[in-house]
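Please look over the structure shown here before reading the points below. They are meant for someone meeting it for the first time, and they go from the chain as a whole to a few local details.

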Amino acid sequence: MSVGFSNIPADIRVPLFYAEMDNSAANSASSNLRRLIVAQVNDNIAASESGALVLVSSLAVARQVGGQGSMLASMYEAWRKADPVGEIWCLPLHNAQGVAAKAEVQLAGSATEAGLLNLYVAGVKVQASVAVGTTAVQAASALALKVNAAVDLPVTAVAAAGLLTLTCKWSGDSGNDISVQLNRLGRSNGEQTPQGLTLTASKFLGGVGVPDQVQALAALGDEAFEFICVPWSGTATLDAWKLTLDDSAGRWSWAKQLYGHVYGAKRGSVGTLVAAGQLRNDQHMSLLAVENGAPQPVWLHAAALAARSAAFISADASRPTQSGTLPGLEPAAASERFTLSERQSLLNYGIATAYYEGGSLRIQRAITTYQKNAYGQPDNSYLDSETLHQSAFIIRRLQGVITSKYGRHKLASDGTRFGAGQPIVTPSTLRGELIAQYAKLELEGHVENAELFAEHLVVERSATDPSRVNVLFPPDYINGLRVFALLNQFRLQYDSAA
């Protein structure tokens, strides 16, 4: 008998008809590229309710998990603006040992005209109306009521003797990134403080602490996530995630094959960000540069970058993400934005960049922090984050094919005689399968140069383990169009036309 069955026994004698199912040649499914938001919850959320993965299906659920106005809820809301249907999991973290950041708005005087107070917290406008004669104490109380009524803000407010105190809803140094601005759009857009009143705002300060990353990483287990968003950019946090996604023993290792890419953001001047980039060298991490004057906090920038990348990569793993909009984010004032030369410097030191065009903040180039090889020499092999997603996509495709079609096959050397239908595979059969899959990948626009691939492909039976096949798989990844350089060699008149 040449046909190899998995379940019907060869010695069955009871008549008549038996059939078993074999789906090994029918699998055409693609992997579910799950998203993960790692974020902090409000201090009023019980610590016992954090530290475990949770599937979040709606903004309402995110608010239940993290609390109204929490970092987690706002990141989820920002994510959904760019990626409305992706499967999102959240890892809520509590910071029991931290200190909450605070800011103050000092009011003085008494209004001599009616108008509006325009206070921006984390880029969100809060307005309070004042009448003629409204005192600083009354105006501060009115602002406090409006802030507390806006439950999705990341702060609470208390007014006393004309002083408005804003306190972050969670403890930690992340709260220091919340912006406080007055009349941000300016007089030309109708924003000005009514005559007689003066308002002076301070920055958020005093926030201390970061949730335990060891706890966060332990909670992941061996769950696969392709797009991971982390709101903190401190060295200890980034080092912990670098170790977690490591190629040797982490999520990118041969033993785990979980893959994934971490997206974050960091605010600062060009000098600060370049210095931060010089300390990193991790192909599994992308850090987006955030201008000092950008109103939204860094965790929203990180969420928007990860979400846009997730939406694009899920549609086509090999297509560049550049020019993708980052909805909900606003740039700094025109005079405070990074210039072309500054963005070039950032990209030279492993910091991803965005630009403002057409009324939207957009991805310019989502590079990784990887810059040098093990000997300290420049290395651009992992320059772009898309290369990592492209690699994971191709490996998963091959994994699905091999495990579906040859999961319980016997292995024989080339030239072995066996009947048709036998579950036996040879190195040449596997070679043909890989060439065929490469041809499909080429048609789909993920690779190129199929002939050269076939020439360099090596599939051989191990000389020391007769049940093992060793493969050298040399794909030529298709590249994104990054630069179009044109030399405009103009003429005032062609000679032949004179």
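1. Of the 498 residues in the protein chain, 44% are buried. It should be kept in mind throughout that this is a predicted model, and that the values discussed here are computed from it.

2. As for overall dimensions, the C-alpha atoms of the protein chain occupy a box of roughly 100 × 85 × 45 Å when the principal axes are used. The accessible surface of the protein chain amounts to about 24900 Å², and carbon and sulfur atoms contribute 53% of that surface.

3. The protein chain contains eleven helices and 19 strands. Where contacts in the protein chain have a separation of 6 or more, 68% of them are between residues 24 or more positions apart.

4. One sheet can serve as a local example: it is an open sheet of three strands, in the order β6-β5-β9, with antiparallel pairing. Its edge strands are β6 (124-130) and β9 (180-182), each of which pairs on one side only. On average, and with direction ignored, neighbouring strands of this sheet are turned by 25° against each other. As general background, the strands of a sheet pair through backbone hydrogen bonds, in either a parallel or an antiparallel manner.

5. Within this sheet, the pairing of β5 and β6 can be followed in some detail. Strand β5, which covers residues 115-121, is joined to β6 by seven bridges, and the two strands run antiparallel. A reader who wishes to find this pairing in the model may start from L119, which stands opposite V126 in β6.

6. Which helix lies across β5 and β6? That helix is α3, made up of residues 136-149, and it runs at about 140° to β6.

7. How many disulfides does the structure hold? The number is zero, and C90 is a case worth checking, as it is in no disulfide and the nearest cysteine sulfur, that of C229, is 9.7 Å away. For the term itself, a disulfide is a covalent bond between the sulfur atoms of two cysteines.

8. Why, then, does C229 form no such bond with C90? The closest cysteine sulfur to that of C229 is the one in C90, and because the two are 9.7 Å apart, they are too far from each other for a bond; the cut-off applied for a disulfide is within 2.5 Å. As to their surroundings, C90 is buried, with a relative accessible area of 0%, and C229 is likewise buried, with a relative accessible area of 0%.

How values were computed: Residues numbered from 1 in each chain as written. Predicted model: local features only at pLDDT ≥ 70, side-chain atom pairs only at ≥ 80, totals over all residues. Heavy atoms only, no water. Pairing = 2+ DSSP bridges. Helix = DSSP H or I, 4+ residues; strand = E, 2+ residues; numbered from the N terminus. Axes fitted to C-alpha atoms, helices over the stretch in contact; angles between N-to-C directions. Contact = heavy atoms within 4.5 Å. Buried < 20%, exposed > 50% of the residue type's maximum accessible area, 1.4 Å probe, protein only. Areas by Shrake-Rupley, 256 points an atom, 1.4 Å probe, with all protein chains shown as cover.
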